[in-house]
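Here's a quick briefing to read alongside the model. Take a look at the fold, then work through the points below.

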Amino acid sequence: MSKNTVSLCMIVKDEETYIRRCLDSVSNLVDEIIIVDTGSTDSTLSIAAEYGAKILKFTWQEDFAIARNFSIENAISDYILVLDADEYIDQDINLQESIKDMKDYYIINFKNYMDGGYISTHQSIRLFKNNIGLKYYGKIHEHLNIDDFDNLSVAFTDFFIHHDGYKNDVFNQKNKFERNLKILEKEVKSNPTGYNLFNLGTQYKVGKEYLKALEQFKKSYSLSKNQMYLPYLLYSMGDCLLQLGRNKEGITLMKDSIELFPKYTGFYYLIGLFFENMNFYRAAEEAFEKCLELGEVENFQSIEGVGSYFAYIKLSELQQKQGNLLKALESSFSAIKLNKNFPPALSQYISVLKSAGITESDIKENLVKSYPINDVKKLEILTGVLYAHRNKLLQVYIDGFNINVNNSVLAIAALYNNEYEKAYTYWNKEEILDKRNYSDIITLLTVQKNQDLLEKLLKAMNLNKKEKKAISSIVEKNEDILNCLPDTLFETIKDVCVNLLTLGEKKVFIDLFKRLNLNELKKVQLIRSVINKGYLNVAINLITEELKINNKNYELIGLLGDAYARQNKYQEALGLYTQLIENVGDYSSYNRLFCLYEKINYSDGLPMLKVQMKRILETELGINIISY
């Protein structure tokens with residue numbers, strides 16, 4: 001069988017950081033490399049020359065299709081392979097095997113890597129026959145004119161193209177956002193196709209302008225009925241509604257979308273998030289269980305993980321919120337097994353262990369078995385997660401692997417090992433305090449005041465007079481604090497309170513809690529955090545005292561039942577949940593009793609509760625909920 005020759009065609013500008021990786025991945029697979037340069041001033045072209053590339057100069061015209069077409073016009077091989085410099089191909093692939101059936105074009109799966117380990121997937125035509133009239137159109141997100149032909153043959157390849165151009169450091173470095181937005185707005189004005197409107201909506205969504213994005217997606221929908229991107233368009237509309245807090249509207253949209261694409265996992269994933277936002281926890285669990293049943297989305301654009309590790313993480317979070325820590329641990333471990341390099345999976349695993357009251361030494365033992373450190377990346381992920389959790393094991397790993405970290409990280413490690421003087425020393429060395437450490441520094445100052453650090457902190461936080469007074473009062477242990485704690489500081493002070501318990505400074509916590517003089521809503525939020533972190537006896541004592549003042553605070557009654565249920569004091573929990581149902585009777589009340597019945601294996605009581613919960617759900621939503 002004769003070989004099919006392949007030309008790699010690229011357009012570049014100032015890509016010295018990425019182009020070598022790209023060319024390394026593909027240079028032994030292609031017969032020629034064509035580089036169209038639109039004005040590089042760095043070492044991009046000298047690197048390309050090392051690979052024998054044919055380099056062509058081209059004046060940028062704010063039109064990617066024109067530049068692409070110029071590159072392929074200069075190709076002489078049987079096939080064209082198109083890559084960008086921040087993309088690369090799977091190792092050890094057999095490109096000749098992929099094109100042996102000589103289709104007119106091939107659809108290749110993409111993995112787009114984003115910050116935090118998130119990955120989106122999509123498909124694109126990047127491999128096609130030369131000299132059959134295929135060319136690009138569209139100033140941005142350009143694509144081939146396959147619709148101009150009848151009966152072109154097509155197949156999927158069995159390899160991936162990897163792309164990290166959506167990471168913030170890459171995106172911002174190249175000023176991609178403003179450039180893309182400017183081109184897309186002009187393109188939509190002159191050519192308002194469904195595809196262009198979809199891309200403009202996506203660009204607004206990247207910029208967190210969700211109302212603008214939603215508007216463009218709605219316009220795109222009516223023009224995109226038969227397009228491959230339609231499921232992801234609907235998903236993106238749902239995600240915008242999620243970000244805007246329009247939960248009922250989002251559920252209705254996803255329910256309608258499922259009728260069109262019943263196997264598109266992302267719709268169920270969003271439904272789970274909408275239900276969770278509305279505290280319909282059991283319904284949310286069922287949605288994420290459906291995601292696992294369907295598995296990952298194939299042959300459509302999607303977010304990787306919605307049918308696997310994402311769904312397990314969300315299940316674990318819900319199970320943890322409902323006090324089912326054994327299931328939560330199993331779900332989080334399943335997420336880790338599916339993606340060991342995804343920090344949120346490991347973070348949730350450690351969160352459940354801590355919530356269950358597991359000691360640091362036992363957590364370390366669990367980590368040695370479930371997350372062995374066999375490469376640098378895993379060590380970076382683990383230490384990053386331990387830092388985020390303010391876990392004293394951070395110091396163990398810093399010392400054990402001789403890791404070089406900055407003073408802020410050393411200060412955190414010292415603080416949560418109760419080495420307060422060390423923590424002061426490290427933070428006082430810092431010229432600029434890391435804003436992620438503000439609540440930790442306040443925690444330290446609350447335990448042991450240091451005037452120099454306090455002054456440095458107040459200057460760094462850029463507070464108004466009222467906020468400065470509040471922080472100073474907390475540290476000075478003034479009694480007048482806080483008859484007026486500013487709302488802007490509540491989340492920070494809530495973290496301080498939980499940090500104090502993490503440090504074992506229970507007396508300092510109790511003193512601070514009394515001085516804060518919080519309203520009922522904020523007390524409930526703080527006590528809920530205390531329970532979720534596993535400090536059950538502290539929470540029970542706080543709630544008991546509060547209920548002496550107001551024995552009809554049903555939020556606190558529910559939380560007291562939750563704390564007792566986690567301590568396996570089932571009779572106490574049952575009495576409180578029954579009281580809730582009699583006096584409130586909302587979805588959350590029945591949900592709590594449902595979880596308790598599951599925990600004690602009282603299966604006879606579950607059917608009636610399911611009926612009640614479904615009735616409440618449908619009444620609140622005004623629609624029939626999806627039957628999974």
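**Helix α17 and its surroundings**

In α17, the buried residues (under 20% relative accessible area, 1.4 Å probe, protein chains only) are K378, L379, I381, L382, T383, V385, L386 and Y387. Bear in mind that this is a predicted model, where local features need pLDDT of at least 70, side-chain atom pairs count only at pLDDT 80 or more, and totals for chains, interfaces and linings use all residues. Residues are numbered from 1 along each chain as its sequence is written, and side-chain values use heavy atoms, with hydrogens and water left out.

- Those buried α17 residues pack against α15 (343-355), α16 (360-370), α18 (393-400) and α19 (407-415); helices here are DSSP runs (H or I, at least four residues) and strands are too (E, at least two), numbered from the N terminus.
- D375 caps the N-terminal end of α17, with a side-chain oxygen 3.2 Å from the backbone nitrogen of K377.
- Just after α17, R390 has a positive phi of about 55°.

**H163**

- You'll find H163 in strand β10 (residues 154-163), and it's buried, at a relative accessible area of 7%.
- The side chains of H163 and D86 make a polar contact of 3.5 Å (a pair of N or O atoms within 3.5 Å; within protein, one must be able to donate a hydrogen and the other to accept it, and residues adjacent in sequence count only if both atoms are side-chain atoms).

**Nonpolar cores**

- The largest nonpolar core (buried Ala, Val, Leu, Ile, Met, Phe, Trp, Tyr and Cys joined through side-chain atoms within 4.5 Å) has 178 residues, and F128, F275, L346, L367, W427 and F509 touch the most other members.
- Helix α9 (residues 230-243) gives the most to this core, with nine residues.

Conventions
Buried < 20%, exposed > 50% of the residue type's maximum accessible area, 1.4 Å probe, protein only. Contact = heavy atoms within 4.5 Å.
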